[in-house]
Amino acid sequence: MPISGRLEERIRRDFPERGSAPEISRILDALPDTAGYDAAVFGSERLQAAIVLLAQGSIRQFREAIQLALTDWRDLLVAAELAQADWPDRLSAELGPEHPGRTGQVTI
């Protein structure tokens, strides 16, 4: 599932170093295959955004967030404050409004 447009924008903003944003996007795009289970969860905007939000622009923290996701994706959602029922509002607050017609926004 492609990464949503609003998440792509956030990745470019948080990882401005040359080549960083495309690499972050590539890793997130490959995450469903890397995980080897729950492809819909690992391909969801919610989980991918949780990784980016926890990273706070740091490649090291991005890698740590990926590890947390692979260990227990629910813990990742809790750490990123995306585990509660209001997660769509929090996601919109962090990423902006959804872009109509974009894919990759599976609800988990």
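Guide: Angles between helix axes under 35 degrees count as roughly parallel, over 145 as roughly antiparallel, 65 to 115 as roughly perpendicular and the rest as oblique. The model is predicted, so local features need pLDDT of at least 70 and side-chain atom pairs pLDDT 80 or more, while totals for chains, interfaces and linings use all residues. Residues are numbered from 1 along each chain as its sequence is written, and side-chain values use heavy atoms, without hydrogens and water.

Visitor: How are helix 1 and helix 2 oriented to each other?
Guide: Helix 1 covers residues 5-14 and helix 2 residues 20-35 (helices are DSSP runs of H or I, at least four residues, numbered from the N terminus). Their axes lie 9 Å apart at an angle of about 135° (lines fitted to C-alpha atoms over the stretch in contact, with angles from 0 to 180 degrees between N-to-C directions). The two helices are therefore oblique.

Visitor: Which residues of helix 2 make the contact with helix 1?
Guide: Contact means heavy atoms within 4.5 Å. On the side of helix 1, Glu8, Ile11 and Arg12 take part. Their partners in helix 2 are Ala21, Ile24, Ser25 and Leu28.

Visitor: What is the angle between helix 4 and helix 5?
Guide: Helix 4 runs over 45-55 and helix 5 over 59-71. Helix 4 is oblique to helix 5. Their axes are 8 Å apart, and the angle is about 140°.

Visitor: Which residues of helix 5 make the contact with helix 4?
Guide: Helix 4 contributes Ile51, Leu54 and Ala55 to this contact. Helix 5 contributes Gln61, Phe62, Ala65, Ile66, Leu68 and Ala69.

Visitor: How many of the eleven residues of helix 4 are buried?
Guide: Buried means under 20% relative accessible area, exposed over 50%, and partly exposed in between (1.4 Å probe, protein chains only). Among the buried residues of helix 4 are Glu45, Arg46 and Gln48, along with Leu47, Ile51 and Val52. The helix is largely enclosed by the rest of the structure, because the number of its residues that are buried is ten.

Visitor: Which helices do the buried residues of helix 4 pack against?
Guide: One of these buried residues is Ile51, which also takes part in the contact with helix 5. The full set of packing partners is helix 1, helix 2, helix 3, helix 5, helix 6 and helix 7.

Visitor: What is phi of Gln56?
Guide: Gln56 comes just after helix 4. Its phi is positive, at about 50°.

Visitor: Is Ser58 buried or exposed?
Guide: Ser58 sits in the loop between helix 4 and helix 5. Its relative accessibility is 19%, so Ser58 counts as buried.

Visitor: Where is Asp38, and what is its phi?
Guide: Asp38 lies in the loop between helix 2 and helix 3 (39-42). With a relative accessible area of 38%, Asp38 is partly exposed. It is not a glycine, yet phi is positive, near 45°.

Visitor: Is Glu81 buried or exposed?
Guide: Glu81 belongs to the loop between helix 6 (73-79) and helix 7 (87-95). It has a positive phi of about 60° although it is not a glycine. Its relative accessibility is 53%, so Glu81 counts as exposed.

Visitor: What separates the C-alpha atoms of Trp87 and Arg46?
Guide: Trp87 is in helix 7 and is buried at a relative accessible area of 14%. Arg46 is among the buried residues of helix 4. The two are 41 residues apart along the chain, and their C-alpha atoms are separated by 8.2 Å.
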